[in-house]
Amino acid sequence: MPEIRVNPTRMEMKKTQARYQTARKGHKLLKDKRDELMKQFLDVVREDKALRERVEASIEKVHRSFTIASAVTSPKMLEEALICPKKECSLEVDYKNMMSVIVPTFHLDVLADSGSDGYNYGLAFTSGELDTALRELGELLEDLVRMAELEKTAQLLAEEIERTRRRVNALEYILMPQYLATIKSIKMKLDENERGNTTRLMKVKDMMLAAQRQQKQDEDEEE
Amino acid sequence: MSKIGIIGDRDAVLGFMALGFSVHEISSAEEGAKLLHTLVRSNEYGVIFITENYAVALEDEIGKYKDLPLPAIVSIPGKEGSTGYGMNHVKEAVERAVGADILFKD
């Protein structure tokens with residue numbers, strides 16, 4: 001891992017060490033975040049998968065009933081029967097904070113005439129299959145909304161997990177090794193300087209001793 | 001208060017009218033793309049269901065809104081029955097998050 005190029009001073013080393021500590025703490029936190037996100041994501045996805053299997057099967061059933069109904073009823077009658085619904089459904093949208101990911105939650109609000117059977121057409125001109133199809137569809141409503149909520153949550157969580165994972169990896173495999181390499185290289189340079197200093201001192205001491213010895217010899221010869 | 005929308009072929013979405021969904025019939029993918037943008041931009045919709053045959057064609061358009069909190073754009077099987085497209089999407093989300101498919105491997 002290439003180190004960051006900085007001046008090899010004690011000051012820089014301390015700074016880099018502090019940065020490394022921060023990165024390590026951040027890495028630990030993000031890793032915990034990723035694990036928790038993953039746990040919640042898997043719960044959501046498992047539920048979503050089961051729900052989707054159920055919903056898809058039911059929708060196919062509804063379509064079958066509906067096809068039969070449209071076969072025995074004229075298209076115009078069919079549209080007439082369905083065009084003005086007695087029910088009106090709307091969603092109450094709330095937001096939930098899930099590990100700092102904002103996800104929507106849906107609450108279904110069905111506005112229906114009280115005492116109404118929910119069928120907005122006379123029974124004389126339509127077939128019984130249409131009733132069946134609509135009843136099945138009505139039962140599906142809650143599941144459909146729940147499925148939408150779960151899939152959206154899964155998508156948003158997946159995005160957040162992906163981002164967190166990238167961050168964790170960047171810290172773990174790029175930033176932290178880089179800091180470590182920098183600290184190591186500064187330390188080696190400082191040590192090298194230290195050794196250079198020591199040898200220089202030894203050399204100077206030798207030279208001074210040699211000079212003293214020479215002086216003493218000269219003095220002895222003069223005598 | 002948000003609405004629930006549904007986009008798809010006439011036959012596939014007619015039944016949802018009776019539930020009180022706001023139903024949008026389309027007959028081509030281009031029409032669907034335009035409609036989808038209008039619906040999303042109107043900010044009135046919490047959930048938009050779209051039948052699988054169009055969800056496949058409009059994949060890129062839907063992808064644009066993937067990371068927004070609202071609306072939830074969800075594919076449901078159309079007249080032809082389930083093609084596994086919706087399930088595939090769940091699988092993709094798992095792969096995106098985990099890096100490997102851990103739920104669907106059989």
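User: At what angle do helix α1 of chain A and α5(B) pack, and how far apart are their axes?
Analyst: Keep in mind that this is a predicted model. Take helix α1, residues 10–72 of chain A, and set its axis beside that of α5(B). The angle comes out at about 170°, and the axes are 10 Å apart.

User: Is α1(A) roughly parallel or roughly antiparallel to α5(B)?
Analyst: Their packing angle is about 170°. Angles over 145 degrees count as roughly antiparallel. So α1(A) is, relative to α5(B), roughly antiparallel.

User: Which residues of α5(B) make that contact with α1(A)?
Analyst: On the α1(A) side you'll find A:Met38, A:Phe41, A:Val45, A:Asp48, A:Lys49, A:Arg52 and A:Glu56. Sorted by class, the residues of this contact of α1(A) with α5(B) come to eight nonpolar, one polar and four charged. The α5(B) side is made of B:Gly86, B:Met87, B:Val90, B:Ala93, B:Val94 and B:Ala97.

User: What about helix α3 of chain A: is it roughly parallel or antiparallel to α5(B)?
Analyst: Helix α3 (residues 128–222) of chain A packs against helix α5 (residues 85–98) of chain B at about 20°, with the axes 8 Å apart. Angles under 35 degrees get the label roughly parallel. That makes α3(A), set against α5(B), roughly parallel.

User: What is the handedness of the α3(A) and α5(B) crossing, left or right?
Analyst: Here are the residues to look for: A:Ala154, A:Gln155, A:Leu157, A:Ala158, A:Ile161 and A:Glu162 of α3(A) meet B:Val90, B:Ala93, B:Arg96 and B:Ala97 of α5(B). By class, this contact of α3(A) with α5(B) has seven nonpolar, one polar and two charged residues. The crossing of the two helices is left-handed.

User: Which element supplies the largest share of the side of chain A that touches chain B?
Analyst: In all, 49 residues of chain A are in contact with 33 residues of chain B. On the chain A side, α1, α2, β1, β2 and α3 each supply at least two residues. By class, that side has 30 nonpolar, five polar and 14 charged residues. The largest share, 19 residues, comes from α3(A).

User: Which residue of β1(B) does A:Leu91 stand opposite?
Analyst: Strands come into play here too: β1(A) pairs with strand β1 (residues 2–8) of chain B. The pairing is antiparallel and runs over two bridges. Opposite A:Leu91 stands B:Ser2.

User: What radius of gyration does chain A have?
Analyst: Chain A has three helices and two strands, in the order α-α-β-β-α. Its C-alpha trace spans about 145 × 30 × 25 Å along the principal axes. A compact globule of 223 residues would come in near 17 Å, but chain A has a radius of gyration of 39 Å.

User: And what radius of gyration does chain B have?
Analyst: Chain B has five helices and four strands, and its C-alpha atoms fill a box of roughly 40 × 30 × 25 Å. With 106 residues, a compact globule would be near 13 Å. Chain B agrees with that, at 14 Å.

User: Which two residues of chain B does a cis peptide bond join?
Analyst: Look in the loop between α4 and β4 of chain B, where B:Pro71 is found. Omega for the cis bond is about -10°. The residues joined are B:Leu70 and B:Pro71.

User: Which residue has a positive phi although it is not a glycine?
Analyst: Go to the loop between β1 and β2 of chain A. Phi there is about 50° for one residue that isn't a glycine. That residue is A:Met99.

How values were computed: Residues numbered from 1 in each chain as written. Chains lettered and ligands numbered in written order. Predicted model: local features only at pLDDT ≥ 70, side-chain atom pairs only at ≥ 80, totals over all residues. Axes fitted to C-alpha atoms, helices over the stretch in contact; angles between N-to-C directions. Parallel < 35°, antiparallel > 145°, perpendicular 65-115°, else oblique. Left-handed = near helix turned anticlockwise from the far one by under 90°. Contact = placed C-beta atoms within 7 Å. Nonpolar A, V, L, I, M, F, W, Y, C, P; charged D, E, K, R; others polar. Pairing = 2+ DSSP bridges. Rg over C-alpha atoms; globule rule 2.2 N^0.38 Å.
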